[in-house]
Amino acid sequence: MIDLSIQIKLILFSLIFGILFSMILDILYQFMHNKKKNIYVVVSILNILLMSVIYFVGINKIGYGVFHMYSIFCVIVGFISYDLIMKKLANKCKK
């Protein structure tokens, strides 16, 4: 059994990481939009590998390497919430 404080830290870290991951992918897409497809694929793969390493090092530091399914769920929720926030901000700026 894992401590409640560690679980809360893992949930918050995963949620923030999902938001950060979505933000970095958006920035990467803006910079690489007009580049060659081969370069875009290589940079995307390297970005995903780097972000995966950062995530698992963070989980290792916070939760001593314990990985739970709710961590993936929180990353997905963070990823989707960033997109929803950006859409709402874009709609407000249009008005």
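Rings of Phe, Tyr and Trp (its six-membered ring) count as a pair if their centres lie within 6.5 Å. In this predicted model, the count by that rule comes to seven aromatic pairs.

## Aromatic pairs

One of the pairs is Phe13 with Tyr55, which is stacked: 5.7 Å centre to centre, with 10 degrees between the planes. This pair links distant parts of the chain, since Phe13 sits in helix α1 and Tyr55 in helix α2, 42 residues apart. Phe13 is partly exposed, at a relative accessible area of 22%. Tyr55 has a relative accessible area of 6% and is therefore buried, the cut-off being under 20%.

Another pair is Phe21 with Phe79, and here the rings are tilted: 6.0 Å centre to centre, 45 degrees between the planes. The Phe21–Phe79 pair also links distant parts of the chain. Phe21 belongs to helix α1 and Phe79 to helix α3, 58 residues apart. Phe21 is buried, with a relative accessible area of 17%. Phe79 reaches 28% relative accessibility, so Phe79 counts as partly exposed.

Which residues do the ring pairs link into a cluster? The members are Phe13, Phe17, Phe21, Tyr55, Phe56 and Phe79.

## The three helices

The table sets out helices α1, α2 and α3.

| Helix | Residues in helix | Expected span | End-to-end C-alpha distance |
|---|---|---|---|
| α1 | 29 residues | 42 Å | 41 Å |
| α2 | 27 residues | 39 Å | 38 Å |
| α3 | 26 residues | 38 Å | 38 Å |

The expected spans rest on 1.5 Å times one less than the number of residues. For α1, the reach from first C-alpha to last is close to the expected value. For α2, the distance between the end C-alpha atoms agrees with the expected span. For α3, covering residues 69-94, the two values agree as well.

## Buried residues

In α1, the buried residues are Ile6, Leu10, Ser14, Phe17, Gly18, Phe21, Ser22, Leu28 and Met32. Their cover includes α2 and α3. Two of these residues, Phe17 and Phe21, also belong to the ring cluster.

In α2, the buried residues are Ser44, Asn47, Met51, Tyr55, Gly58, Ile59 and Gly63. The cover over them includes α1 and α3. Just after α2, Tyr64 adopts a positive phi of about 60 degrees.

In α3, the buried residues are Ser71, Cys74, Val75, Gly78 and Tyr82. They pack against α1 (4-32) and α2 (37-63).

## Two residues in their surroundings

Is Asn47 buried or exposed? Asn47 lies in helix α2. Its relative accessible area is 10%, so Asn47 is buried. Leaving aside neighbours within four places in sequence, Asn47 is in contact with Ile24, Leu25 and Leu28. Of these partners, Leu28 is listed among the buried residues of α1.

Leu15 lies in helix α1. Leu15 is partly exposed, with a relative accessible area of 28%. Not counting residues up to four places away in sequence, Leu15 touches Cys74, Val77 and Gly78. Cys74 and Gly78 are among the buried residues of α3. The C-alpha atoms of Leu15 and Val77 are 6.7 Å apart in space, while the two residues are 62 residues apart in sequence.

## A nonpolar surface patch

Which residues make the nonpolar surface patch of about 690 Å²? The patch is made by Phe56, Phe67, Met69, Ile72, Ile76, Ile80 and Leu84. Its largest share, five residues, comes from α3. Phe56 is also a member of the ring cluster.

Met69, one of the patch residues, is in helix α3. Met69 counts as exposed because its relative accessibility is 63%, and exposed means over 50%. Met69 and Phe17 are 52 residues apart along the chain, and their C-alpha atoms are separated by 15 Å.

Note on methods. Residues are numbered from 1 along each chain as its sequence is written. This is a predicted model: local features need pLDDT of at least 70, side-chain atom pairs count only at pLDDT 80 or more; totals for chains, interfaces and linings use all residues. Side-chain values use heavy atoms; hydrogens and water are left out. Helices (H or I, at least four residues) and strands (E, at least two) are DSSP runs, numbered from the N terminus. Buried means under 20% relative accessible area, exposed over 50%, partly exposed in between (1.4 Å probe, protein chains only). Contact means heavy atoms within 4.5 Å. Rings of Phe, Tyr and Trp (its six-membered ring) pair if their centres lie within 6.5 Å; planes under 30 degrees apart count as stacked, over 60 as edge-to-face and the rest as tilted. Patches are made of residues with over 30% relative accessible area and no salt bridge: like charges are joined within 9 Å, nonpolar side chains (Val, Leu, Ile, Met, Phe, Trp, Tyr) within 5 Å. Accessible areas come from the Shrake-Rupley method with a 1.4 Å probe; for residues, only the protein chains shown count as cover. A salt bridge is a side-chain nitrogen of Lys or Arg within 4 Å of a carboxyl oxygen of Asp or Glu.
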